[in-house]
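Trainee: I should be grateful for a close look at one part of this model, namely its largest nonpolar core and the elements around it.

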Amino acid sequence: MNEDGGMGGHGGEDTHGDATHPSAIAPDRDALLLDAMLGNLASYLRMCGYDAAYAPDRGVEDDTAIRSLAAAEGRRLITRDRSLAASTPGAVLLTERETTDQLRELHEAGVALEIEAQPSRCGACNGPVERVDVDEDENEERPEYAPDEGPIWRCLVCDQHFWTGSHWDDVAETLASL
Ligand SMILES: [Zn+2]
């Protein structure tokens, strides 16, 4: 929010319309495509509400296929591959290997990283999740490993269940410390 472009030119903070500027990336505007080896990062981004596709999950590997998918679905590529980043419009290049360091790099590049109040994306597969009322609906059962209380969500694609337990708090803390 307080990011200052710093390159002179327009004094305003409105970067609207500048699709290739790396700052001001937010889940309500930007869909993402994560390159191979960035699967862990993808799940963090999904917890922040991003529509974050993971290239290997989508069956794309080579640079041409990745560029085509990004263009076809309007996704911004995040990659550690320098030449791929350079040849893909709007791509964000990462240099770090550890997920927390990569999150910091994204944060510094102006990517909004704030955990959602409630999950909307499956961390595992990027599918949409829905709230399940395990206490009211007799067809629903609270998963054995879930906490005894609190809301439960289910992925509409892979059927995995979610809740905002200690892992959620850990992620929130990690993001707050960037
Ligand atoms: Zn899923």
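Mentor: What follows describes that core, then the sheet and the helices associated with it.

The model is predicted, so local features are given only at pLDDT of at least 70, side-chain atom pairs count only at pLDDT 80 or more, and totals for chains, interfaces and linings use all residues. Residues are numbered from 1 along each chain as its sequence is written.

A nonpolar core here is a set of buried Ala, Val, Leu, Ile, Met, Phe, Trp, Tyr and Cys residues joined through C-beta atoms within 7 Å. A residue is buried if 20 or more other C-beta atoms, placed from the backbone, lie within 10 Å of its own, exposed if 12 or fewer, and partly exposed in between. In soluble globular proteins, nonpolar side chains tend to be buried together.

The largest such core has 27 residues, and L32, L33, L34, A42, L45 and A52 touch the most other members. At least two core residues come from each of β1 (31–34), α1 (39–47), β2 (52–54), α2 (63–73), β3 (75–79) and α4 (99–108). Helices (H or I, at least four residues) and strands (E, at least two) are DSSP runs, numbered from the N terminus. The largest share, five residues, is supplied by α1.

Leaving aside residues up to four places away in sequence, L32 touches L45, Y50, D51, A52, A53, R75, R76 and I78; contact requires C-beta atoms, placed from the backbone, within 7 Å.

Strands β1, β2 and β3 belong to an open sheet of four strands with parallel pairing, ordered β2-β1-β3-β4. Two strands pair if DSSP finds at least two bridges between them. At the edges stand β2 and β4 (92–93), each pairing on one side only. Four bridges join β1 and β3 in the parallel sense, and A31 is placed opposite R75 in β3.

Across β1 and β3 lies α2, which runs at about 145 degrees to β3. Such axes are lines fitted to C-alpha atoms, for helices over the stretch in contact, and angles run from 0 to 180 degrees between N-to-C directions.

The axes of α1 and α4 come within 10 Å and cross at roughly 55 degrees. The two helices α1 and α4 are therefore oblique to each other; angles under 35 degrees count as roughly parallel, over 145 as roughly antiparallel, 65 to 115 as roughly perpendicular and the rest as oblique. N40, L41 and Y44 of α1 make the contact with T99, Q102 and L103 of α4.

Conventions. Contact = placed C-beta atoms within 7 Å.
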